[in-house]
Amino acid sequence: MTRGNDLLQDVLQQLDGWNAEPTHISRTLTIDESQHADLTERIKIFADALELNPYVRRHDGFTQIELNRAEGVTLSEIKFAARVEDAYQHIAGVASPHKEPTTGSLKAWWQRRVGR
């Protein structure tokens, strides 16, 4: 990871289930076929907005999401993960431990950490 390695790692820890390596982040979800289709459409929108190219596939009843970046994970990939996590929680009916949406919490947390 680059650009504030510790900060990015702290943010990723706020996103349950996401795995991080220096050059990629990933998540495996247990959702059905229709939920997968819905999430995939949302992922396309998020990826286009952030100019990212995630790898999404359905394998053995799981949805796998991976985002690789040779230069290292940046805030864009973290924003993507937060948006995907919000969409997943909505689609799958998973109760969020956050009182506000993850992306709002993430943004507020990041601004506090970087002193904006």
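Here are some notes on the salt bridges, the nonpolar core and two backbone details of this predicted model.

1. **Salt bridges overall.** A search over the whole structure turns up six salt bridges. Side chains of opposite charge can pair when their charged atoms come close. A few of the pairs deserve a look of their own, and they are taken up in the next points.

2. **R27 and E85.** Start with the salt bridge between R27 and E85, where the closest N and O atoms are 3.0 Å apart. This pair links distant parts of the chain: R27 belongs to strand β2 (residues 24–29) and E85 to helix α3 (residues 75–92), with their positions 58 residues apart. Both partners, R27 and E85, are buried. If you colour the model by accessibility, this is a good pair to click on.

3. **D38 and R42.** Another salt bridge joins D38 to R42, with 3.1 Å between the closest N and O atoms. Here both residues sit in helix α2 (residues 33–50), four residues apart, or about one turn of the helix. What is the relative accessible area of D38? The value is 31%, so D38 is classed as partly exposed. R42 is also partly exposed, at 27%.

4. **The R69, E71 and E77 network.** R69 and E77 meet through their side chains in a salt bridge of 2.9 Å, N to O. The pairing extends to E71, since R69, E71 and E77 are linked in a network of salt bridges. Is E77 buried or exposed? E77 is buried, because its relative accessible area of 1% falls under the 20% cut-off. R69 has a relative accessible area of 26% and is therefore partly exposed.

5. **I91 against helix α2.** I91 is a residue of helix α3. Its relative accessibility is 15%, which means that I91 counts as buried. Which residues does I91 touch, leaving aside neighbours within four places in sequence? They are Q35, D38, L39 and R42, and D38 and R42 are the two salt-bridge partners in helix α2. For a backbone distance, the C-alpha atoms of I91 and S34 are separated by 9.6 Å, and these two residues are 57 residues apart along the chain.

6. **The nonpolar core.** The largest nonpolar core contains 24 residues, and W18, I25, L39, I65, F80 and V84 have the most contacts inside it. Elements that each supply at least two residues of this core are α1 (5–14), β2, α2, β4 (62–68) and α3. The largest share, eight residues, comes from α3. In soluble globular proteins, nonpolar side chains tend to be buried together.

7. **W18 and its surroundings.** Leaving aside neighbours within four places in sequence, W18 is in contact with L12, I25, S26, R27, I65, A81, V84 and E85. That list includes R27 and E85, the pair joined by the salt bridge of point 2. I25, I65 and V84, also contacts of W18, are among the core residues with the most contacts.

8. **Two positive phi values.** Finally, a backbone check. E51 is not a glycine, yet its phi is near 55°. E51 lies in the loop between α2 and β3 (55–59) and, at 73% relative accessibility, counts as exposed. D60, not a glycine either, has a positive phi of about 50°. D60 is found in the loop between β3 and β4, and with a relative accessible area of 63% D60 is exposed.

Key:
Residues numbered from 1 in each chain as written. Predicted model: local features only at pLDDT ≥ 70, side-chain atom pairs only at ≥ 80, totals over all residues. Heavy atoms only, no water. Salt bridge = Lys/Arg side-chain N within 4 Å of Asp/Glu carboxyl O. Buried < 20%, exposed > 50% of the residue type's maximum accessible area, 1.4 Å probe, protein only. Contact = heavy atoms within 4.5 Å. Core = buried A, V, L, I, M, F, W, Y, C linked by side-chain atoms within 4.5 Å.
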